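Visitor: I would like a close look at a single part of this model. Please take me through the sheet and what packs around it.

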Amino acid sequence: MTEYKSDLLRLLDQRGYIHQVTDATALDALAQRQIVPGYIGFDPTAPSLHVGSLVQIMLLRRMQQSGHKPIVLMGGGTGKIGDPSFKDEARKLMTDEIIAANVASIKTVFERFLTFGDGPTDAVMVDNADWLDKLEYIPFLRDIGRHFSVNRMLSFDSVKLRLDREQSLSFLEFNYMILQGYDFLELSRRAACRLQMGGSDQWGNIVNGIELSRRVDGTEVYGVTTPLITTADGGKMGKTMSGAVWLNEDQLPAFDYWQFWRNTDDRDVGRFLRLFTDLPLDEIARLEALEGAGINEAKKILATEATAMCRGRDAAEAAAETARKTFEEGSSGDTLPTLAVPSEGIAIVQAFTGIGFATSNKEVRRKIDEGAIRVNGEKVASSDAIVKPGDKISFGQKKHGLIIEA
């Protein structure tokens, strides 16, 4: 680990958020001297962000915890184009009405993680539509476009991969990185923003903004990227067989959100505790050292703390209690649907159609092949499996039920 002197970079480093930093020495010194406003952009492509965006939200939280000012940039303008970074095809264009509705819905999540207000370290939320929608094409090309090298833009991995695969990259999407660079320039002017943060796939876009600010205004600004958060088995964080793990309550119930964290791989527990909870580092070190049944207790703590931050402490405790009653007492806590079966049990395909989670045996078998069917938290490998009274069954992330005796 690098020995940083500022509270900001030291906290980010200790908790595992840092992948790359532009001019780390200068940023470290700046963060010691003053409150640094820093931003991350979020494009409103859906009514909710999912857990794959959570490391970025936590990054803003860590900024505020270390005495700096988080800026949440909603991409009401760039969302009309869509970030082409590492996408196989263009995103579908959204209407202004859909974008506005998505922005309003997403805003509610940030209020759980950040303190908003007018104070020097209070978070603020801005929308790049405020300046992008007012741009005039010819002046923008003349004043901003001339600072971008097409040769260099073509060399970025996010563009190069699409072209290498001979997949179409529209001129509309190609402009995205220019607009994102311009966002940094605008925020530097409007809010004295000196830091942009993002995932490792945003490195090229961040560097563009840094260079643009230097060339146009002579302002020194900086960038920090986080590592790509993958699970121990190599999967992408937040991508499951049954779909995205949404942060908004109306997109995914609190119990299912809690269960997602409870199902964390043993090897990921310590890392996820550092990234996604506020537990002290010494307590995390104790928890990740547990073995056997102990690591399951650590997973429950991870699930409860992560859920409390996103959904509130009451919802987290209720989810934990439902899980305890379901698994440890064999009851449903009056929250889960039930299916009564004979004591000898029934075939798993009958159970899932009988409880109403699937409409046909074929659908159940397909979900088994996808790894989306679980009994008592364990993936089912065969459609010949039998479920018996007391078993808790799960169909993807959102549907859970309890088998009881007829």
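Which residue in β5 does G38 stand opposite?

Guide: G38 stands opposite L195 in β5. Keep in mind that this is a predicted model. Start with the strands on either side of that pair. Strand β2 covers residues 37-42, and strand β5 covers residues 195-199. The two run parallel and are joined by two bridges. Y39 also has a counterpart in β5, standing opposite Q196.

Now follow L195 to the next strand. Its bridge partner in β6 is Y222. β5 and β6 pair over five bridges, again in the parallel sense. To get from β5 to β6, the chain passes through helix α11, residues 203-217. This β-α-β crossover is right-handed. β5 itself is mostly covered, with five of its five residues buried.

Go back to β2 and look towards β3. Six bridges join β2 to β3, and these strands run parallel. One pair to find is G41, which stands opposite L73 in β3. Here the chain crosses from β2 through α3 to β3, and the β-α-β crossover is right-handed. Five of the six residues of β2 are buried, so the strand is largely enclosed by the rest of the structure.

Put the strands together. They belong to an open sheet of six strands, in the order β1-β6-β5-β2-β3-β4, with mixed pairing. The edges are β1 (20-21) and β4 (124-127). Each has a single partner strand, so one side of each is left without a neighbour in the sheet.

Next, the helices. Helix α2, residues 24-33, lies across β1, β5 and β6. It runs at about 105° to β6. Helix α10, residues 176-191, lies across β2, β3, β4, β5 and β6. It runs at about 145° to β2.

Helix α4, residues 96-113, deserves a check on its length. At 1.5 Å a residue, its 18 residues should span 26 Å. The end C-alpha atoms are 27 Å apart, which agrees. The buried residues of α4 are I99, N102, V103, S105, I106, V109, F110 and F113. What covers them includes β2, β3 and β4 from the sheet, along with α3 (54-65) and α15 (293-311).

Pick out F110 from that helix. Leaving aside residues up to four places away in sequence, F110 touches F42, L49, I57, L60, V72, M74, F116 and M125. The largest nonpolar core has 67 residues. Within this core, L54, F110 and W261 touch the most other members. Apart from it lies another core, of 27 residues. L73 is among the members of that second core, as are W131, I206 and L212.

One more sheet is worth a look. Five strands form an open sheet in the order β9-β15-β14-β11-β12, and the pairing is mixed. β9 (338-341) and β12 (378-379) stand at its edges, each with a single partner strand, so one side of each is left without a neighbour in the sheet. Strand β11, residues 373-375, pairs with β12 in the antiparallel sense over two bridges. In β12, E378 is the bridge partner of V375. Helix α12, residues 254-262, lies across β14 and β15 and runs at about 90° to β15.

How values were computed:
Residues numbered from 1 in each chain as written. Predicted model: local features only at pLDDT ≥ 70, side-chain atom pairs only at ≥ 80, totals over all residues. Heavy atoms only, no water. Pairing = 2+ DSSP bridges. Helix = DSSP H or I, 4+ residues; strand = E, 2+ residues; numbered from the N terminus. Contact = heavy atoms within 4.5 Å. Axes fitted to C-alpha atoms, helices over the stretch in contact; angles between N-to-C directions. Core = buried A, V, L, I, M, F, W, Y, C linked by side-chain atoms within 4.5 Å. Buried < 20%, exposed > 50% of the residue type's maximum accessible area, 1.4 Å probe, protein only. Right-handed = clockwise from strand over helix to strand, strands pointing away. Expected span 1.5 Å × (residues − 1).
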